[in-house]
Amino acid sequence: LLAVRIGARDHEIDFAPFFELRPNVNRMAQHAFSELLNNAIDHSGGSMVTVSVRQTAAHLQLLVSDDGCGIFERIQQTHQIADPTLAMLELAKGKLTSQPEAHRGHGLFFTARLADMFDLHANQRAFQFRGWEHRRWHAGKPMPREGSSVYVAIALDTERTLDAVLRAHACEGGGYAFETTQVPVGLLADVTTGLESRAQARRVALRLASFRRAELDFTGIEDIGQGFADELFRVVPATQPTLELVP
């Protein structure tokens, strides 16, 4: 366990010597550690970060907590999205940042996909991402604390690699371009009664113009309204012809 003032020295001398990990796990843990620590430094507005890393028989576990305003409060300030669940919907798409001049908004999207378990706690709300669950993002039980806390667990025997995760969201031709996203439509369904309106469809499609392909996850949703369907599957493609929507 290490508590450091934001802006402190490189973390590698404090943690790396104490773990023996497979090269692919070590590389993913290094990437996740750096992304989460940098997010706390650059976005939280806090003064302290607490970092905990431990190795169990099955997982490497990482917890990064700050004493800032909380990620959902920061999104509300920057993007005027007051509902934390809708803020999580936008975070889940990727490319959302409070400092677009310095960051691309890739960190949480890819860190979640490196992990077998990923939990995000802030502003009395929590959301979980499980690699083995089809729906992926869903609400969890929040931690009673200020600031933001992110928990990551990576299976010690995983075959995933950082390179494969980063390449998985490029379109044809490979490379590392972030061109494909997944939209957990179930998060929108959690805060509204039925997916009926064109406004709701526009919420699903918000910011998707920055991608070439969007996979829409309707897990758990039994039906949608005509206006919602027409807006999302006829109007949006007509106005964004370079975007492929895949339900």
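In this predicted model, helix H2 (residues 23-43) packs against helix H5 (residues 107-114) at an angle of about 145°, and the axes of the two helices lie 10 Å apart. The crossing in which H2 passes H5 is left-handed. On the H2 side the meeting residues are Met28, His31, Ala32, Glu35, Leu36 and Asn39, and on the H5 side they are Gly107, Leu108, Thr111 and Leu114. Sorted by class, this contact of H2 with H5 comprises 5 nonpolar, 4 polar and 1 charged residues.

From this helix pair the reader may turn to helix H4 (residues 84-93), which is largely enclosed by the rest of the structure, because 10 of its 10 residues are buried. Those buried residues are Pro84, Thr85, Leu86, Ala87, Met88, Leu89, Glu90, Leu91, Ala92 and Lys93, a list in which charged side chains such as Glu90 and Lys93 stand beside nonpolar ones such as Leu86 and Leu89. At the start of H4, a side-chain oxygen of Asp83 comes to within 2.8 Å of the backbone nitrogen of Thr85. Beyond the other end, just after H4, Gly94 adopts a positive phi of about 90°. Lys95, in the loop between H4 and H5, has a positive phi of about 60° although it is not a glycine. With a relative accessible area of 23%, Lys95 is partly exposed, since the buried class requires a value under 20%.

How are the charged side chains Lys93 and Glu90 arranged with respect to each other? Their side chains meet in a salt bridge, with an N to O distance of 2.9 Å, and both Lys93 and Glu90 are buried. The two residues stand 3 places apart in H4, so about one helical turn separates them. In general, an α-helix has 3.6 residues a turn, and therefore residues three or four places apart point the same way.

Glu90 also forms a salt bridge with Arg203, in which the closest N and O atoms are 4.0 Å apart. This second pair links distant parts of the chain, since Glu90 belongs to helix H4 whereas Arg203 belongs to helix H8 (residues 198-205), 113 residues apart. The partners differ in their burial: Glu90 counts as buried because its relative accessibility is 0%, while Arg203, with a relative accessible area of 23%, is partly exposed.

A further salt bridge joins two strands. The side chains of Arg130 and Asp119 meet at 2.7 Å, N to O; Arg130 lies in strand S5 (residues 125-130) and Asp119 in strand S4 (residues 117-122), so the pair ties together parts that are 11 residues apart in sequence. Arg130 and Asp119 are both buried. In the loop between S4 and S5 lies Asn123, whose phi is near 50°, a positive value in a residue other than glycine. Asn123 counts as partly exposed because its relative accessibility is 23%.

Taken as a whole, the structure holds 14 salt bridges. Besides isolated pairs there is also a network of such links, in which Arg198, Arg202, Asp230, Glu231 and Arg234 are joined by salt bridges. As a general matter, side chains of opposite charge can pair when their charged atoms come close.

Technical notes: Residues are numbered from 1 along each chain as its sequence is written. This is a predicted model: local features need pLDDT of at least 70, side-chain atom pairs count only at pLDDT 80 or more; totals for chains, interfaces and linings use all residues. Side-chain values use heavy atoms; hydrogens and water are left out. Axes are lines fitted to C-alpha atoms, for helices over the stretch in contact, and angles run from 0 to 180 degrees between N-to-C directions. Helices (H or I, at least four residues) and strands (E, at least two) are DSSP runs, numbered from the N terminus. A crossing is left-handed if the near helix is turned anticlockwise from the far one by less than a right angle, and right-handed if clockwise. Contact means heavy atoms within 4.5 Å. Buried means under 20% relative accessible area, exposed over 50%, partly exposed in between (1.4 Å probe, protein chains only). A polar contact is a pair of N or O atoms within 3.5 Å; within protein, one must be able to donate a hydrogen and the other to accept it, and residues adjacent in sequence count only if both atoms are side-chain atoms.
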